[in-house]
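Trainee: I am new to this structure and would like a close look at a single part of it. Could you take me through one pocket and the chain elements around it, in a connected way?

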Amino acid sequence: MVEAINLPIEDFQTALLQIDRIKAAEIFENIYKKKGNFETLEHMTVEALERIGVGWEDDQLSLSQVYMGGVICEELIEKYMPKCGSSYKKKPKIAIAVLQDHHALGKRIVYSVLRAGGYDLIDFGQGLSVEEIVEKTIEAELDILLISTLMLPSALKVKNVVESLRKKGSSVKVVVGGAPFRLDSSMWQKVNADADGKNGTEVKKIIEKLTEGGQ
Amino acid sequence: MNSMARVMTALNYKEPDRVPLFLNLTITGAKELEMSIKDYYSNADNVVKGQLLMKNKYSNDMVTSFLYSAAEIEAWGGEVAFYEDGPPNSGEPFIKKIEDIYKMEIPNINNTAGLLKGLEIIKKLKKIVNEDTPIIGAVTAPYSLPVMQMGFGKYLELIYFRKDEFNQLMKINEEFCVAWANAQLKAGATAISYANPLASPSIVERDTYISTGFEVAKRTIARIRGPVATNLASGIALPVIKDLMKTGTKAIAVSAKDDIDEAKRIANKDVAIIGNLNAIDMTNWDRERTRKEVKKLIQKAAKGGGFILSDNHGEIPWQVSEDVLLEIAETVKEYGTYPIKAEV
């Protein structure tokens, strides 16, 4: 059971926004010493990242803060997970990829947030073609495929990924994200994706919904 | 009034004959000439022909020598990937280790085919448009170029934790940027578009920008021997407009998310405001929607000059239809003629 009441979520969030790795680690260690369970640490992390994600949506915070916050949380979770005797969730089987271009920041943010939330996921990499993503998805027998894009042509190519996957009999759920989907809120439907994840914590919620509450 | 007079009048916060229109048409030239984007960019004459054709067809008040951002990356030895329906993009980042920054040398513009092509385009355009139409050159800001040079994640480590390496990279990027901008001005460019998306609080928070990229922009723009317009490539500008004004920029392109009224108010007639049609959303527009958006923008921002109507991103996507572009031009002529009539 997570006792959220006395968690220093705000202090932790501030440390993340100031890119203060030392302060964030101190807060983590204090909570670990007091509570000793992984769920509490995970709860604090997910809460702080969610608030940061909302701050970005509201144009109050920068993409850099979202990214660095995610990276710091991922590092801490990786350190404390074994200490607490906990491990990453193996299901659903998820992978993330950047279609066509080499701008991998969005992918890294979502990767970090999901890892910080206890999800194990495969990183397919960036600069991948439609065919490469389809092949990797089929081979890995994924339940959920996360596709990040920066450029408009790449975002539109998601449609080809979905078509090809369906032709090959895959029922993998495709969740998209990235600048073109932010600037055109209906684009995810046009490319036949299953959902549009505006930030890391939203992707986490989508995954929970797609898997009916998580596994 | 020709395009040059129209733009210059607007930049000085006076009302010209009509609202100046800057349609950032780049890859669209390939569509107009019915060739692939790769073929289009293979020859300076194609781009010159495309720019002139689009200037007339869409009543554009500028021509541009801008090819694609990744052309600068070619100068540093990086790769460029071409696509059939979008701008060429930089390949894998070429700075693999942060320590490699100390081994980097400033590229020689005269040894880079892509940049020489840009200069050739400017010279050829200049011969034809002379002083009648502004020729807009372009650079990527030294502060934003590392996203393509080393990848965003690694660059953020540099910004936040590796001050020495950050300063070293800025030093060489500044030299390159100044040389490239001045070469374009010398070839005949009227002004330089300074693409600096990382100055936007959408990407880097203001405090960090002020302690890092702000000084870079001040130093760089001071050494560019011609007018500079800053664009943040869709990122919000409002919270940093006052800061950008201190960099020496003469105009600021704002985001579709920015309130353009407020931008003009903050600019206080010291810099002109460019913007801010949503270029991505534009791919969904029909003629009716286009007319509505352009009319609304003119009503909000045109009064008193100091405004150039444009997209928010710096490039019209391939997927935007000819109809939409024609409708933008027609609406600007119909509703953007000064004095602007209040909407009834």
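Mentor: What follows is a walk through the second largest pocket, then the strands beside one of its helices, and finally some unusual backbone places in the other chain. Please keep in mind throughout that this is a predicted model.

The second largest pocket has a volume of about 350 Å³, and its lining is made up of 17 residues, with A:Ala104, A:Gln126, B:Met150, B:Gly151 and B:Gly153 lying nearest the centre. Two elements give two or more residues to this lining, namely helix 5 of chain A and helix 8 (152-161) of chain B. Of the elements, helix 8 of chain B gives the most, with 4 residues. Sorted by class, the lining holds 7 nonpolar, 4 polar and 6 charged residues. As a general point, empty space of this kind is revealed by rolling a probe the size of a water molecule over the atoms.

Turning to chain A, strand 1 (residues 89-99) and strand 2 (residues 119-128) run parallel and are joined by 6 bridges. Between these two strands of chain A the chain passes through helix 5 (residues 105-116), making a β-α-β crossover that is right-handed. Within the strand pair, A:Leu99 stands opposite A:Leu128, which belongs to strand 2 of chain A. The chain that carries this crossover has 10 helices and 5 strands in chain A as a whole, and buried residues make up 53% of its 215 residues. The C-alpha trace of chain A spans about 55 × 35 × 25 Å along its principal axes, and its radius of gyration of 17 Å agrees with the value near 17 Å for a compact globule of 215 residues.

Chain B, which supplies the other helix of the pocket, also has some backbone places to look at with care. Most peptide bonds are trans, and most residues other than glycine have a negative phi. The bond between B:Gly275 and B:Asn276 is cis, with omega about -25 degrees, and B:Asn276 lies in strand 9 (residues 272-277) of chain B. A cis bond also leads from B:Tyr338 to B:Pro339, with omega near -5 degrees, and B:Pro339 sits in the segment after helix 15 (322-335) of chain B. B:Tyr13 has a positive phi of about 55 degrees in the loop between helix 1 (3-11) and strand 1 (21-22) of chain B, and B:Tyr13 counts as buried because its relative accessibility is 11%, under the 20% cut-off.

Definitions and conventions:
Residues numbered from 1 in each chain as written. Chains lettered and ligands numbered in written order. Predicted model: local features only at pLDDT ≥ 70, side-chain atom pairs only at ≥ 80, totals over all residues. Heavy atoms only, no water. Pairing = 2+ DSSP bridges. Right-handed = clockwise from strand over helix to strand, strands pointing away. 1 Å grid on protein atoms, 1.4 Å probe; cavity = no way out; pocket = protein on both sides within 12 Å on 5 of 7 lines; lining within 4 Å. Points joined across faces, edges and corners; volume = space filled by probe spheres on them. Nonpolar A, V, L, I, M, F, W, Y, C, P; charged D, E, K, R; others polar. Rg over C-alpha atoms; globule rule 2.2 N^0.38 Å. Buried < 20%, exposed > 50% of the residue type's maximum accessible area, 1.4 Å probe, protein only.
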